[in-house]
Each structure stands twice: as C-alpha cells, then as structure tokens.
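User: I've got a model open and I'd like to talk through how its parts fit together. Can you take my questions one at a time?

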Amino acid sequence: MGLEGDGSRGSLLMMKQLYQPRKDAMRIAALMSGRGSNVRKILEQQQKLASEGEDLFRVVMIFTDTADEEVCKARAIAEGHKLPYYCNDIGEYYRKQGHDDRKDMNVREKYDSETAKLLKQNKIKTILVSE
C-alpha cells in the first residue's frame, strides 16, 4: 500500500495498492550500502509469510554500491539467505572513469543506467532502498 494525495496542507491521504498480485510474488531487489537492518527485517517477514502460505513478495537479489564489507553487510546477508549478490562500488566506478570525486553527473548517469539494466535483467518490479 502507498499513500496518495495532492500534498497540500490538510489534504486527505488515501491508501492505494501499489501492486496487484498475480500468480507470482512481487520481485524485489534490495539496494543497500550499510548494515542492512531493514533488509534483514524484510527477509524475516518474507520467511514468516511463506511459513503461513503467503507468497506476496520475494527479495530475489541484493545489490550494493559499497564494496567495503566492514561498512556494508550486503554480501553476508545475501549469502545467509542464499540470494544473488551484486556489487558495483561507486567510488571505484568513478575512479575507473578517471574521476576522483563523485560530482560528475554524466558518470553517475552511466552508473545508474548499468544498475537499471541489471534490475531489468532480473525482472525486478520493486526496489527496497536500505542503508
């Protein structure tokens, strides 16, 4: 469910269903760059619902822009849940493009395009953004 309204003060917000389940669960990619506590909670909820016979959504991959495994726990979470893990360290990406900082939005556009292509290849319907 999502909230919908015109954003004006006093506007009535109404719940709107974001996804109409068909025979398959909604495919989710978790995009994370930190400890992943929200991703862990979503995966716990997914397991709980599955044990009750509900298959509404499924986290099918984890992607991170942070290769430092001391900072980002994406690999550990992916391995713990037997999920595909993808890492494209954004700092390294910029350095390979000849940039020491991440201010060049043309480079960022290329990075985001590659990420979008990966999501499309994995038939992702929704992304979960987490630290």
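User: Which residue in strand 5 is the bridge partner of I62?

Analyst: Quick caveat first: this is a predicted model, where local features need pLDDT of at least 70, side-chain atom pairs count only at pLDDT 80 or more, and totals for chains, interfaces and linings use all residues. Residues are numbered from 1 along each chain as its sequence is written, and side-chain values use heavy atoms, with hydrogens and water left out. Strands (E, at least two residues) and helices (H or I, at least four) are DSSP runs numbered from the N terminus, and two strands pair if DSSP finds at least two bridges between them. Strand 4 and strand 5 (residues 85-87) pair in the parallel sense over three bridges, and the strand 5 partner of I62 is Y85.

User: In what order do the elements run from the N terminus on?

Analyst: The protein has four helices and six strands. Going from the N terminus, they run β-β-β-α-β-α-β-α-α-β.

User: Why can strand 4 be called largely enclosed by the rest of the structure?

Analyst: Buried here means under 20% relative accessible area, exposed means over 50%, and partly exposed is in between (1.4 Å probe, protein chains only). For the whole protein, 34% of the 131 residues count as buried. Strand 4 (residues 57-64) is largely enclosed because the number of its eight residues that are buried is seven.

User: What sense does the pairing of strand 3 and strand 4 have, and which residue in strand 4 is the bridge partner of R27?

Analyst: Strand 3 (residues 26-32) pairs with strand 4 over seven bridges, in the parallel sense. As for R27, its bridge partner in strand 4 is R58.

User: What hand does the β-α-β crossover from strand 3 to strand 4 have?

Analyst: The chain leaves strand 3, passes through helix 1 (residues 37-51) and arrives at strand 4. A crossover is right-handed if, with the strands pointing away from the viewer, the path from the first strand over the helix to the second runs clockwise. Strand 4, helix 2 (residues 74-80) and strand 5 also make a right-handed β-α-β unit. The crossover from strand 3 to strand 4 is right-handed.

User: Which residues touch the most other members of the largest nonpolar core?

Analyst: A nonpolar core is a set of buried Ala, Val, Leu, Ile, Met, Phe, Trp, Tyr and Cys residues joined through side-chain atoms within 4.5 Å. This one has 16 residues, and the ones that touch the most other members are M32, V39 and I62. Strand 3, helix 1, strand 4 and helix 2 each give two or more residues to this core. Its largest share, four residues, comes from strand 3.

User: What does V39 touch, not counting residues up to four places away in sequence?

Analyst: Contact means heavy atoms within 4.5 Å. By that rule, V39 touches A30, M32, I62, I77, L128 and S130.

User: Is T64 buried or exposed, and how far is the backbone oxygen of M32 from a polar atom of its side chain?

Analyst: T64 sits in strand 4, and it counts as buried because its relative accessibility is 0%. Leaving aside neighbours within four places in sequence, its contacts include M32, S33, C72 and Y111. The distance from the backbone oxygen of M32 to a polar atom of the T64 side chain is 2.7 Å.

User: How far apart are the C-alpha atoms of A29 and V129?

Analyst: A29 is in strand 3 and is buried, with a relative accessible area of 0%. Among the residues it touches, beyond four places in sequence, are M61, L119 and I127. Although A29 and V129 are 100 residues apart along the chain, their C-alpha atoms are separated by 8.5 Å.

User: What is the phi of K82, and is that residue buried or exposed?

Analyst: Most residues other than glycine have a negative phi. K82, in the loop between helix 2 and strand 5, has a positive phi near 55 degrees. At 76% relative accessibility, K82 counts as exposed.

User: Where is K123, and what is its phi?

Analyst: K123 is in the loop between helix 4 (105-121) and strand 6 (126-130). K123 counts as exposed, at 59% relative accessibility. Though not a glycine, K123 has a positive phi of about 55 degrees.

How values were computed:
A polar contact is a pair of N or O atoms within 3.5 Å; within protein, one must be able to donate a hydrogen and the other to accept it, and residues adjacent in sequence count only if both atoms are side-chain atoms.
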